[in-house]
Amino acid sequence: ADSKLGGPAVKAACAVVDAMNPRGHGVAAVVVPALLTGMDDKRWKVKASCIEVMTPCLRQMNDTTPAQLANCLPLIVPRLAEAALEVRAEIRNATATVLREIGAMVAS
């Protein structure tokens, strides 16, 4: 993976998620499983990027299909708990951001 393309690739993926239809359902059915699979990748940049793209997915589901979010969280949170223990700070930081987002959604 070209290190210069990582940031633009994450931005592009976030833009695709934001434009996705049907809102919420498509994210839960297609994007979240792909991101969870990507989190298994041995390359830390791929793992960190998948975690970063999780935030717009969660926001979209929270805004449009809270039931889908409720169904996905039991799959997502344990994987984020594992990622929080990673050696790379980039992965831990991305994980902390997503976990804070989840905390804010659950609290409201």
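In which helix does Lys47 lie? Lys47 belongs to helix H3. The structure described here is a predicted model. Helix H3 and the salt bridges around it are treated in turn.

Helix H3 covers residues 44-64, a run of 21 residues. At 1.5 Å a residue, a span of 30 Å is expected. The C-alpha atoms at its two ends are 31 Å apart, which agrees with that value. Many positions along H3 are buried, among them Lys47, Ala48, Cys50, Ile51 and Val53. Further along, Met54, Thr55, Pro56, Cys57 and Leu58 are buried as well. Gln60 and Met61 are also on the list. The buried residues of H3 pack against four helices: H1 (6-19), H2 (25-38), H4 (66-83) and H5 (89-107).

Lys47 deserves a separate description. Its relative accessible area is 13%. Buried means under 20%, so Lys47 counts as buried. Leaving aside residues up to four places away in sequence, Lys47 touches Gly38, Met39, Asp41, Glu86 and Ile91. With one of these, Glu86, Lys47 forms a salt bridge. The closest N and O atoms of this pair are 3.0 Å apart. The bridge links distant parts of the chain, with Lys47 in helix H3 and Glu86 in the loop between H4 and H5. The two residues are 39 residues apart. A polar contact of 3.0 Å also joins their side chains. The partners differ in exposure: Lys47 is buried at 13%, whereas Glu86 is partly exposed at 26% relative accessibility.

Side chains of opposite charge can pair when their charged atoms come close. How many salt bridges does a search of the whole structure find? The search finds 5. One of the salt bridges joins the side chains of Arg79 and Asp40, at 2.5 Å from N to O. Arg79 lies in helix H4, and Asp40 lies in the loop between H2 and H3. The pair therefore ties together parts that are 39 residues apart in sequence.

Another salt bridge is formed by the side chains of Arg88 and Glu90. Here the N to O distance is 3.2 Å. How accessible are these two residues? Arg88 has a relative accessibility of 34% and counts as partly exposed. Glu90, at 35%, is likewise partly exposed.

How values were computed: Residues numbered from 1 in each chain as written. Predicted model: local features only at pLDDT ≥ 70, side-chain atom pairs only at ≥ 80, totals over all residues. Heavy atoms only, no water. Expected span 1.5 Å × (residues − 1). Buried < 20%, exposed > 50% of the residue type's maximum accessible area, 1.4 Å probe, protein only. Contact = heavy atoms within 4.5 Å. Salt bridge = Lys/Arg side-chain N within 4 Å of Asp/Glu carboxyl O. Polar contact = N/O pair within 3.5 Å; in protein donor to acceptor, adjacent residues only side chain to side chain.
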